[in-house]
Amino acid sequence: MSTHAAIGVQLTDGTICGCYVHYDGGTLADRIEIFLNEKTTTDLALLITQAQASGGMHSFHCPPWQPGIERELPRETEFLDDNEEYIINESNWKEDHYGAAYSYLVNYETGKIKKWSKY
């Protein structure tokens with residue numbers, strides 16, 4: 001079962017660059033923090049922009065699951081392949097977004113994460 005979410009970066013001018021995330025939305029905060037420890041908020045905004053073109057993300061910054069491998073594997077982001085743009089911005093941030101149970105908004109300057117939940 002999927003837990004849908006929205007992820008976004010609030011830029012310095014107040015605009016939001018966001019996308020839909022299909023899988024594992026309830027645990028995105030931890031993966032966002034890991035991503036931001038490895039990269040920047042600019043990298044996150046660019047990744048989101050790339051995902052918008054394909055309808056969003058299937059999963060965000062997940063370690064690949066491979067039984068029997070005990071070493072650290074690189075984390076991956078998988079994009080949806082909807083062939084249709086789906087853009088979340090400041091004008092539609094609070095909408096349903098395919099039943100998104102969670103929303104995560106990252107402050108571009110500070111990297112702080114705000115989380116909203118329907119539960």
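Start by selecting A45, which is buried, with a relative accessible area of 11%. Buried here means under 20% relative accessible area, exposed means over 50%, and partly exposed is in between, with a 1.4 Å probe and protein chains only. You'll find A45 in helix α2. Helices (H or I, at least four residues) and strands (E, at least two) are DSSP runs, numbered from the N terminus.

Before you click on: this is a predicted model, where local features need pLDDT of at least 70 and side-chain atom pairs count only at pLDDT 80 or more, while totals for chains, interfaces and linings use all residues. Residues are numbered from 1 along each chain as its sequence is written, and side-chain values use heavy atoms, with hydrogens and water left out.

**Over to the acidic patch**

Keep A45 selected and add D82. How far apart are the C-alpha atoms of A45 and D82? They are separated by 20 Å, with the two positions 37 residues apart along the chain.

Now add D81, E84 and E85 to D82, and you have a patch of negative charge on the surface. Asp and Glu count as negative and Lys and Arg as positive, while His and the chain ends are not counted. To join such a patch, a residue needs over 30% relative accessible area and no salt bridge, and like charges are linked within 9 Å (for nonpolar side chains, Val, Leu, Ile, Met, Phe, Trp and Tyr, the limit is 5 Å). The place of a charge is taken as CG of Asp, CD of Glu, NZ of Lys or CZ of Arg. The accessible areas come from the Shrake-Rupley method with a 1.4 Å probe, and for residues only the protein chains shown count as cover.

Zoom in on D81. It sits in the loop between β4 (76-79) and β5 (102-107), and it is exposed, at 64% relative accessible area.

**Two salt bridges**

Next, the charged pairs. How many salt bridges does a search of the whole structure find? It finds 2. The term needs a side-chain nitrogen of Lys or Arg within 4 Å of a carboxyl oxygen of Asp or Glu.

Select D24 and R31: their side chains meet in a salt bridge at 3.7 Å, N to O. D24 is partly exposed at 28% relative accessibility, whereas R31 is buried at 7%.

Then jump to D96 and K118, another salt bridge, where the closest N and O atoms are 2.6 Å apart. D96 lies in the loop between β4 and β5 and K118 in the segment after β6 (113-117), so this pair ties together parts that are 22 residues apart in sequence. D96 is partly exposed, with a relative accessible area of 42%, and K118 is exposed, at 51%.

**Aromatic stops**

Show the rings next. A search of the whole structure turns up 5 aromatic pairs. Rings of Phe, Tyr and Trp (its six-membered ring) pair if their centres lie within 6.5 Å; planes under 30 degrees apart count as stacked, over 60 as edge-to-face and the rest as tilted.

Select Y20 and Y98 for an edge-to-face pair, 5.0 Å centre to centre with 70° between the planes. Y20 lies in strand β2 (residues 16-21) and Y98 in the loop between β4 and β5, so the pair ties together parts that are 78 residues apart in sequence. Y20 counts as buried, at 4% relative accessibility.

Now go to F35 and F60, a tilted pair at 5.5 Å centre to centre and 45° between the planes. F35 lies in helix α1 (residues 28-38) and F60 in strand β3 (residues 57-62), so parts that are 25 residues apart in sequence are tied together by the pair. Is F35 buried or exposed? F35 counts as buried, at 4% relative accessibility. F60 is buried too, with a relative accessible area of 0%.

Go back to Y20 and Y98 and add Y86: Y20, Y86 and Y98 form one aromatic cluster.

**Backbone check and last stop**

Select H61 in strand β3. Its phi is near 50°, a positive value in a residue other than glycine, and H61 is buried at 5% relative accessible area. Phi of H97 is likewise near 50°. H97 lies in the loop between β4 and β5 and is buried, at 3%.

Finish at S54, in the loop between α2 (41-52) and β3. S54 counts as buried, at 14% relative accessibility. Draw a C-alpha to C-alpha distance from S54 to I113: 24 Å in space, for 59 residues in sequence.
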